[in-house]
Every structure is written in C-alpha cells, then in structure tokens.
Amino acid sequence: MAYMDTPQTSRSLAMLAIVCCVLQVALAPQISVFGGRINFMLILAGVVALSEDAQKAVITAFFAGLFYDLTAAVPVGLMSLLLSVGAFVLAHASGSAGSGLSPLSMQFFSVFALAVSLINGVALMILGSEGSIVAALFSHGLTSAIITSIVAIPFMMLYRGSEATHRSFSSRGGSRFKGIR
Amino acid sequence: MPKNKRYSSSLNNRKQSTGGGPLIVFCIISVLLLTFYIREGETGPIHAVRSGVTTITSPIRFLGGAIATPFDALGNAFTNLTASQETLDELKAQNAELTARVAELSEADASAKRLEELLGLRSTYNLQSTAARIVGASSDAWSQTVTIDKGSVDGMEPNMPVCNSAGVIGQIIEVGANTSTVRLITDENSGVSAMVQATRAQGMLQGQPDGTLRLEYITTDSDVQEGDIIVTSGIGGVYPKGLPLGTVTSVTSASNDIYYTVMVSAAASAENNEEVLVITSLTDEQVASDDDVAAANDAPQGGSRDAQTQDDASSDTSDDDSDTQDSDGTGEEE
C-alpha cells in the first residue's frame, strides 16, 4: 500500500514555499556573486520535484515561477513555463534519486538548475531583455545555476517531502517503492 | 478528512499521477501570460498584478534591504582585500592628495550640509523632483534594476528619470502603489542621449552586459579625451540636460572606424539605502530646445574644446541658477 498526502506533508510543503518566497524577495536581491543571483523559486521547484509526485511538482513549480516573474523585472510567464516543464522532467527523471540530499539528487538538481538558468538566459535574449549571448549564458545563467545549486543543499537536506514521513526503509538499486509503509 | 486517507491501494505514489494534465494546462497559461505581458505594453492587467504583488511584498523587501545594509561594508572590505598593487598605489596617492584637501573642505562641507538641509537635493539641480530611497536591488541576474520606496501613490510614473547627488542613476520602468522599479543606466537595455560636456559631441550612452557604460555614435572627427565628463543632452526628452552621467575612461578606435569606442565610468552608483531624486517634470530650460536639436543634428561631432569652454563661461555668468551643474562640471574639468 502507498500513502497520500498527510497534513504533516502539506505543512512541510507550505513551510518550504513560504521560506523560499520570503528569501526570494528579501535575500535574493541583496546577494550577487559574479553576476549570478540565487533563485529560491528554482530551489523550491527542484526540491519538491525530487521529493513529491510529478503533479504536485508541476503545480508547485508553476506557482513558484509565477511568483518569481511577478517579483522580478522579467517577462511574466517565462520562469513559470520553464519551471513547470523542468519540474515535470525532473520528477520523472529522478525516480531513483529520492528525496533528501544525496550525490544523485544533487546531480539531478544541478542539471535542472543549469538547464532552467541557461534556457531562461537564451529566452531573455530572444525577448530582447538580454543583449549578449555570452553574458546571458555564462555571466548570469551559469553563475546563477551554480550558486543556486549550492544554496539548495540545506533545503534538500531539510525537506524530504511525503516520502520520508512514511518511509520505513530506504530504496535500493533504483527501487521506486519508496512510499510503502 | 478521514485520517486513513493516506493509505490507498496504489503501490507507488510517484506513479499515481504523471502530471501531464497540469503540465499542459500550466504551459498554456504561461505562454498566454507571456504573450499578454509582451503585448500589453507598460500598463495592463498583468502589470497591475505585478504592481500589487510588489506592493504586498515591499515590507519584506524593505526588511531584507535593511538587514543587508551592514553586510555591504563587509563586501567592500573583501573587495579591498583583493585589490591589485596598482590600485593600492593609486589609492595611496589619492589618499595623500585628499588628506591635504580635508582641512580646506571641512569648513566648506559644514557649510554645504547646512545649505543642503535648507535647500534640499532638488534645489542643487533646480529640479522638480521627489526624494526617494533605494530599498532593494534586482532579484534576477539578468537585469540591473533597483527598487525605490515611492510609487504611484506618491506620483511616480514610468519613464521618470532618477538621479542622486552624483548624477543620473536610471529611469523608472514599473510603478507599484508604494514602490517603483528603476532601470539603471548600466543595464544593457538602457540608453541615454548624452554629450561630451567639453565639446558638445553628441552620442548615446548605452549600458553593457557586463555593467559598464559605452558612449556610442561618437564620430572619429570628434574631440573626446580620457577624463571628459559626459552629461545628458536632453534631446531624448526624458532626462533634463546637463546632468552628469559619467567620466570617459578610454577612447579607442581601429583604422577605418567611423565611431570611437568610448568607455565611460558611471558618475553615480546605486547603493542600498541611498537617497535619490525622482525627477517628476522638466522645466522648459531643462528640455533640449529646437535649436539644440538642430545644432546636434548639424554638428554631432561637437565643437572645439576651447570654444565650448568660453561658451560655458559666458552662459554661466548669464544664467547661474539654471545651469548650476554645467558650471560645476566645467570648473572641475579645468
């Protein structure tokens, strides 16, 4: 038997979303490293995609992206589109990675962050918000992906989603039966 | 909600829903949002929603800015630690020179502070303006913007120029109820009609992807030198003429080039918690006249340095009040 959402899981997700939203508004504008900035909405979408089912990941990613779009000086709809698609792919691709921090989940998250940041940079260039492909990809996209991936580590450690709350044994060898009690 | 809801007959929760349905729906919504956002211009429902979100989140933004302010000094300290020997030598020389001037300027500073308190920043430039404070920077890596603590409630509107005591910092691009987003002149989407103060050579000051400034369309028959002050020309109709934009740091050109490559160091920086002036309207003297536009079109390369200096001197004596910045800039240059 598997499980469905519990109030505890929903609370954890709500808490994660609130923390990420607050940090996105309060902290992200204050920190710039080599032209890159932390995208806490990408962290929220990625962590949820690694820990929850695809449907919940897509929904969370869309609203996270929309929040990012509405609080930054970027075209509205772009990040929500990228995060929705990215979270969907990540949720399906990371079946064996599981929630929590592990080398495999970190790899998946880093690829997700890099892909979203680079595609976002290219899209912004196409939309006229960014003039240089080099700056879009390397100065902003790559550095943003790297620092976002680093900052995501504590979030991945702390949030384990619905799986951890019900899991009585770890998955091994790529088993996807992580929700069985 | 039944307490045993979490148990179901399905084996794998991650496989319960593929998320394909929501993905398609959200992709369509996102594309529609993007399309409407691009098509609606500067005002429209999506911009209104963004303004609302900005208003709601502004207290958190203010809080973040207030918390981060002490750490800015830490960042400066780190920058100083990693400075090159050449930079340090230059700073030492500057320090020696500045120390000698401290005593002289202390008296003037005390006097200036009193005057500033009386007149306010706006009278310095004879501008119709509203004071505001920078409360945050851009939350994305792809744009160079800052948020100020004044919005539509305070009479802010898109396209209003923003400057501080050193010069122009940018232009309002989005307005919320109590905050506004200012695009800095260093943003690559920013372009300001500018001219070389000493020769009146006309150009366009363009932000670059790396955050630097480049003065474009300066023809190679113009007289431009390192150290020249770049000011707004007022031709665009947005910025008042004569406001300082920066200083020329390098002038280069390859053979057969029509235009110089002129790099400019910005006069003003947009630090967190700094006070700025939003110019709410321009007076007739601050807008480029038809004669100015015609002169710029006829001679975009400007005139000779000496002739312009004489012109400035004569205009200063005839119109001290309206051209305060020009006279200051010329004086410094000489």
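**Exercise 1. Pairing at the start of a barrel**

In β2(B), which residue is the bridge partner of Ala137(B)? Establish the partner and place the pair in its sheet.

*Solution.* The structure is a predicted model.

Step 1. Identify the strands. Strand β1 of chain B covers residues 128-137, and strand β2 of chain B covers residues 145-148.

Step 2. Establish their relation. Three bridges connect β1(B) and β2(B), and the sense is antiparallel.

Step 3. Name the partner. Ala137(B) is bridged to Val146(B) in β2(B).

Step 4. Extend to the full sheet. In chain B, six strands form a closed barrel in the order β1-β2-β5-β4-β3-β12, with antiparallel pairing. From one strand to the next, the twist averages 45°.

**Exercise 2. The setting of β5(B)**

Determine which strands pair with β5(B), and decide whether its residues are buried or exposed.

*Solution.*

Step 1. Take the β2 side. Four bridges link β2(B) and β5(B) in the antiparallel sense. Within this pairing, Ile148(B) has Ser180(B) of β5(B) as its bridge partner.

Step 2. Take the β4 side. Strand β4 of chain B, residues 167-175, is joined to β5(B) by five bridges and runs antiparallel to it. Here Thr181(B) in β5(B) lies opposite Glu174(B). The two strands make a hairpin, with four residues between β4(B) and β5(B).

Step 3. Consider the two faces. In a regular strand, side chains alternate between the two faces of the sheet. On one side of β5(B) are Ser180(B), Val182(B) and Leu184(B), and on the other are Thr181(B) and Arg183(B); all are buried.

Step 4. Conclude. Because five of the five residues of β5(B) are buried, the strand is largely enclosed by the rest of the structure. Strand β5(B), residues 180-184, also has the highest mean pLDDT among the elements of chain B, at 91.

**Exercise 3. The other barrel of chain B**

State the strand order of the barrel that contains β8(B) and β11(B), and give a residue pair that joins these two strands.

*Solution.*

Step 1. Give the order. Six strands of chain B close into a barrel as β6-β7-β8-β11-β10-β9, and their pairing is antiparallel. The twist from one strand to the next averages 40°.

Step 2. Examine the β8-β11 pairing. Strand β8 (residues 213-216) and strand β11 (residues 261-266) of chain B run antiparallel and are joined by three bridges.

Step 3. Name the pair. Leu215(B) has Val262(B) in β11(B) as its bridge partner.

**Exercise 4. A helix pair in chain A**

Describe how α4(A) and α5(A) pack, and classify their relative direction.

*Solution.*

Step 1. Set the context. Chain A has seven helices and zero strands. Buried residues account for 56% of its 181 residues.

Step 2. State the geometry. Helix α4 (residues 78-93) and helix α5 (residues 103-126) of chain A pack at about 155°, and their axes are 10 Å apart.

Step 3. Classify. Angles over 145 degrees count as roughly antiparallel. The helices α4(A) and α5(A) are therefore roughly antiparallel to each other. Their crossing is right-handed.

Step 4. List participants. The residues of α4(A) that meet α5(A) include Leu78(A), Leu82(A), Gly86(A) and Leu90(A). Those contributed by α5(A) include Phe108(A), Phe112(A), Val116(A) and Ile119(A).

**Exercise 5. A loop residue**

Locate Glu285(B) and decide whether it is buried, partly exposed or exposed.

*Solution.*

Step 1. Locate the residue. Glu285(B) belongs to the loop between β12 (275-281) and α5 (290-298) of chain B.

Step 2. Apply the count. A residue counts as buried with 20 or more other C-beta atoms within 10 Å, and as exposed with 12 or fewer. Glu285(B) has 15 such atoms, so it is partly exposed.

Step 3. Relate it to a distant position in sequence. Lys241(B) is 44 residues away along the chain, and the C-alpha atoms of the two residues are separated by 8.4 Å.

**Exercise 6. Confidence in the model**

Identify which parts of chain B call for caution.

*Solution.*

Step 1. Take the overall values. The mean pLDDT of chain B is 75, with 73% of its residues at 70 or more. For the complex, the predictor gives an ipTM of 0.80 and a pTM of 0.62.

Step 2. Find the weak stretches. The pLDDT is below 50 over residues 1-15 of chain B, and it stays under 50 over residues 315-334 of chain B. Helix α7(B), residues 324-333, has the lowest mean pLDDT among the elements of the chain, at 36.

Step 3. Conclude. Where pLDDT is low, the predicted coordinates should not be read in detail.

Note on methods
Residues numbered from 1 in each chain as written. Chains lettered and ligands numbered in written order. Predicted model: local features only at pLDDT ≥ 70, side-chain atom pairs only at ≥ 80, totals over all residues. Pairing = 2+ DSSP bridges. Axes fitted to C-alpha atoms, helices over the stretch in contact; angles between N-to-C directions. pLDDT = per-residue confidence, 0-100. Contact = placed C-beta atoms within 7 Å. Parallel < 35°, antiparallel > 145°, perpendicular 65-115°, else oblique. Left-handed = near helix turned anticlockwise from the far one by under 90°.
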